Each structure stands twice: as C-alpha cells, then as structure tokens.
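Could you walk me through this structure? I am new to it and would like a friendly tour in plain paragraphs.

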Amino acid sequence: DIPFPTKLYLRAKIASKIAKMAYENYKAKEKEVIARTKSAYAELFYIYRSIEINKENKDVLDQFSQSATARYSKGLGTQGDALKAQVELATVDIELIMLEQRRATAQARLNILLNKDPKEEIGVPTPEETVKFDRTLEEYYSLAEQNNPELKAYRYGIERGKVAYDLSLNEFMPDFTVKYQQMVQGNKAVGNEWAGTLGVTIPLWFFQKQAFGVKEMKSELEMLKAEYAAKEKAVLFDVRDAYARVDANKKVVELYETAFLPQAEETLNASMKGYESDKADFLTLLDSRRMFVDFKLKHYNAILDLRIALADLERAVGTSIDDDKTKEVKDAKK
C-alpha cells in the first residue's frame, strides 16, 4: 500500500511537531523542578539564619536575666524584671524547637528535589549572590514569549494542527496499491511466471468521511489557537505577578538594611545605656531587644520572599534573569 506522496510528508511533519511538543513539555517540567529547588534552598537558608538569630538572642537574654537577678539581689531592681527575662528565654526556647522541626522538613523537601535520601544532612546553606534585576516588565514579557517552554509547546501544537488540517485536505487524494506475486496453480508454483497489479483507491464517498474530517481538523486548529491565547495570558500574568513581588521585596530588603535595622540597633543601644544608668526600665530594654530581633527575622524573611519571587520569575520567562550568569553559560558552551 502506497499512500499519496504528500500524505507521507505531512504525517512525518505531524510526528516531528509532536516530538518537539514532548521536548518542550519536558523542559517546562525541568524549569518547574529548578524553581522549586531554588525556593526550597532559600527557605532552608532562612530557617538556619532564624535559628542563628534566636540562639544569639537567647545568649543576650541570658545575660539580661543574670543582670536583672544581680540588680534585684542588690535592691536596685524588681523581681518582676528577672521573671520577665525568664519568660523571654522560655519563648525563645519554644521558637528554637519549632525552627528545628521546620529545618528538618525543609531539608527533607530539598533532598527529595535533589533525588537524595530525605534523611541526608545538607549542611548550612551559603548566602546566594545578588541577582541583577534591571530589565523592564516589557523586556520580561518579551523573554517569556521567546523562551517559555509551555508557550513553545503550544506553538508547536498549533503548527501540528495546521499540518493535520493540510493532511485532512489530502485525504481527498487517491492512494495506490501494488501487488507482485508468483503464479500458483493448486499448491505448486507455475515455473517462473509472475504477475503484478497496480490499484488506485479513490475516495468516492468523500462527502461522508473526508469532508467531515476537514471540518474536524479545522475546529481542532481553532481550539488550539484559543488555548494558546489563554496560556499566553496566563504566562504573562505569572511574569507580572513575579515581577511585582521581586520589585516589592527588593525594596523591602533595602529598607531593612539601610533604615530599619540600623535604627533598631541604635534604639537597643540607647535602651541598654538607659537601663545601666537607671534612666530606663527593664521592660523598655526587652521591648527594644525584641524589636531588633524581630526586624532581623523580617529582613531574612523578605530575602526569602525575594528569592522565591526570583525563582518564579525565571520559571515564567523560561530562562535565567541574570545577564552575567546567562553570558557565563553561553561562554562555557562555546
């Protein structure tokens, strides 16, 4: 059986488009796993920093407690100050227990993403390098249009639909049948006599089968175009959402580093001096310390949110958003 030549060509093109769609779907899953891994790494980094900050806070509060107890024994303070310090220490101990549980969970999640044993110790994550974020939103839109693997898969789907539509039109064309066999009489071959036939299959009832096939392929092509348009809007929304979160958290991190943390530390130092000179009470000192620790934790939490937003943005655009990193990868390939 020999189909009409253009049918074979079109079927090969359809198979090629399907293979390319499968590859882009694989790349989309790869980007998703990478984004989840980066987010899990950032979360583990945040938890380790939170544990570190709380341990430092516990050491300082222990000194506060000893100081308050000593002042009380000398009649310079109240018993309530020492009790308040003990309450703060107990609160920190509870927080450390909960953070250790979160650390174990985050480490197991990261190990699973890395295809490792969930019980394997990873160690303390190192701070990540600063990622450049100097493109405009429109530039990220353009990157997503060019590189997002899901959009590429949908575009290949539309191309496959167009070829399938062309193939449905070719179904009106005839197919050929070629037969060549040795002549047989009874159960024995007749010398070296051979016979051949050439047949042509013509779709006489095309208005019942082939015509409906064309309509079906046309409807499927329109459906694919509509799905692509919907997916394009969803991807651009993801880019817009991630871009807004990166921009906001980047500003928040800068505010903590340039304003909030220095001011909180200055307030804490002033409270300590005031408490030592009996110009401020112990509760004011504890509040200042609590505010300083809270700002440090919120600073790292903003860094965590920033890293997660950056990972989501990279996944949405389908490529690295760091210009230098992209250049290094290209140079390495060369």
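Asn115 is exposed, with a relative accessible area of 72%; exposed means over 50%, buried under 20% and partly exposed in between, using a 1.4 Å probe and protein chains only. You will find Asn115 in the loop between H2 and helix H3 (137-147), where helices are DSSP runs of H or I with at least four residues, strands are E runs of at least two, and both are numbered from the N terminus. Asn115 is not a glycine, yet its phi is positive, about 60°. Most residues other than glycine have a negative phi.

Before going on, note that this is a predicted model: local features need pLDDT of at least 70, side-chain atom pairs count only at pLDDT 80 or more, and totals for chains, interfaces and linings use all residues. Residues are numbered from 1 along each chain as its sequence is written, and side-chain values use heavy atoms, leaving out hydrogens and water.

Now follow helix H5, whose 67 residues run from 210 to 276. From first C-alpha to last, H5 reaches 94 Å, close to the 99 Å expected at 1.5 Å a residue (that is, 1.5 Å times one less than the number of residues). Just after H5, Asp278 also takes a positive phi, about 65°.

Finally, look inside. The largest nonpolar core (buried Ala, Val, Leu, Ile, Met, Phe, Trp, Tyr and Cys residues joined through side-chain atoms within 4.5 Å) has 30 residues, and Leu61, Phe64, Phe282 and Leu285 touch the most other members. Helices H1 (5-73), H2 (79-113), H5 and H6 (282-317) each give two or more residues to this core. H1 provides the largest share, 10 residues.
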